[in-house]
Amino acid sequence: MTSLASRTGSAGTRIVGLGSYQPETIVSNDDLAQTMDTSDQWIRERVGIANRRFAKPDERLVDMAVEAGSKAVADAGLSPTDIDAVLVATCTMPSMIPNAAAQVADRIGVLAAPAFDLNAACAGFCYGLATASDLVRAGSARHVLVIGAEKLTDWVNPTDRSTAIIFADGAGAAVVGPSDETGIGPVAWGSAGDLVDMIHVADRNSFVFQEGQSVFRWATTQIAPIALRAVELAGIDVSEVDVFVPHQANLRIVEAIAKRLRAKGAREDLVIARDIVDSGNTSSASIPLALDHMRAAGEVRSGDVALLVGFGAGLSYAGQVVRLP
């Protein structure tokens, strides 16, 4: 029998570049109050959002992914031909075929690379980051472009205040590459398929439905242990985490999880992502969007230890500790 030779990859991996994109149209709480029974105060008190971005009708999910992905490749100091695989985390493609990743790869200039979509809803970016890290460590790729991109306005009933005030559009991206040291820790992930009715789309022509209070209770009690498990897998103490970047689902959820982490030893000066205030909930795009915005604002520094955790429809969840580029 001929040899089935194995490939040897990198000892470690790290994020080497970040990029993001948001549509131009800013929609305020007062704007939404013109079309539904709500107010700026009501929205701020319940979900913490002030503004969000909506894509124009002719602006596609793929268009946003291309913008974010191109910026991440440039930020990494690479050219498109240096990218060996493209992964797009999304739950809002208008159709399952063709996938987003192959289109994105072609438009960016990544030629003949493996390209595939991954749907873990709001946990999608963390799932994608874990998959990319494993690809590089296994030797299947050297540089992997991971993009979280969503056009949730295509899937939200604009008159339903339980969802229309929350969800928004955008894309965020990261390039994962090899490293002599570990810059992306092991993933802590899983699912709770018995809770599928909490967030779902009933059929292909329906809008997103969410049991807000049930999601809130689940997230505020179940996500902190997952985040702490990611810290444990990384071999560090929670007090060593500089930055906490959870999925931007709801500001009250973000702050409740951070409070639980502090109760377990996280630093009082822990930097917490609050990108939801001006970006809304962008599902799989929310974590890379927040990271890129925090870096641009000078809230985080290269080398900071960041704890990422995504959670959402499925229900699916994932978290890992990373060192920021």
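Trainee: What makes Arg252 count as lying over the face of Phe216?

Mentor: Check the distance. A charge sits over a ring if NZ of Lys or CZ of Arg is within 6 Å of the ring centre and within 35 degrees of the ring normal. Arg252 is at 4.5 Å from the ring centre of Phe216, so the distance limit is met. The charged end of Arg161 sits over Trp42 too, 4.1 Å from the ring centre.

Trainee: How do you know which residues enter such tests?

Mentor: This is a predicted model: local features need pLDDT of at least 70, side-chain atom pairs count only at pLDDT 80 or more, and totals for chains, interfaces and linings use all residues. Residues are numbered from 1 along each chain as its sequence is written, and side-chain values use heavy atoms, leaving out hydrogens and water.

Trainee: How many aromatic pairs are there, and what is the rule?

Mentor: Rings of Phe, Tyr and Trp (its six-membered ring) pair if their centres lie within 6.5 Å; planes under 30 degrees apart are stacked, over 60 edge-to-face, the rest tilted. By this rule there are two aromatic pairs. In one of them, Tyr127 and Trp189 are 5.0 Å apart, centre to centre, with 50° between the planes. The angle is neither under 30 nor over 60, so this pair is tilted. Tyr127 belongs to helix 5 and Trp189 to strand 8, 62 residues apart. Helices (H or I, at least four residues) and strands (E, at least two) are DSSP runs, numbered from the N terminus.

Trainee: What about Trp218 and Tyr317?

Mentor: Their centres are 6.2 Å apart and their planes 45° apart, which is again tilted. Trp218 is in helix 7 and Tyr317 in strand 14, so the pair ties together parts 99 residues apart in sequence.

Trainee: Why is Trp189 called partly exposed, and how is Tyr127 classed?

Mentor: Buried means under 20% relative accessible area, exposed over 50%, partly exposed in between (1.4 Å probe, protein chains only). Trp189 has 41%, so it is partly exposed. Tyr127 has 16%, so it is buried. Trp218 at 13% is buried, and Tyr317 at 18% counts as buried.

Trainee: What makes Gln22 and Ser279 a polar contact?

Mentor: A polar contact is a pair of N or O atoms within 3.5 Å; within protein, one must be able to donate a hydrogen and the other to accept it, and residues adjacent in sequence count only if both atoms are side-chain atoms. The side chains of Gln22 and Ser279 make one at 2.9 Å. Gln22 and His293 join at 3.3 Å. Gln22 lies in the loop between strand 1 and strand 2, and at 16% it is buried.

Trainee: How do you know where the buried residues of helix 4 lie around its axis?

Mentor: Ala100, Ala101, Val104, Ala105 and Ile108 are buried in helix 4. They cover an arc of only 125° around the axis (from the directions from the axis to the C-beta atoms), which puts them on the same side of helix 4. An α-helix has 3.6 residues a turn, so residues three or four places apart point the same way.

Trainee: Why is strand 6 called largely enclosed?

Mentor: Eight of its eight residues are buried, so the rest of the structure largely encloses strand 6. Val144, Val146, Gly148 and Glu150 are on one side, with Leu145, Ile147, Ala149 and Lys151 on the other.
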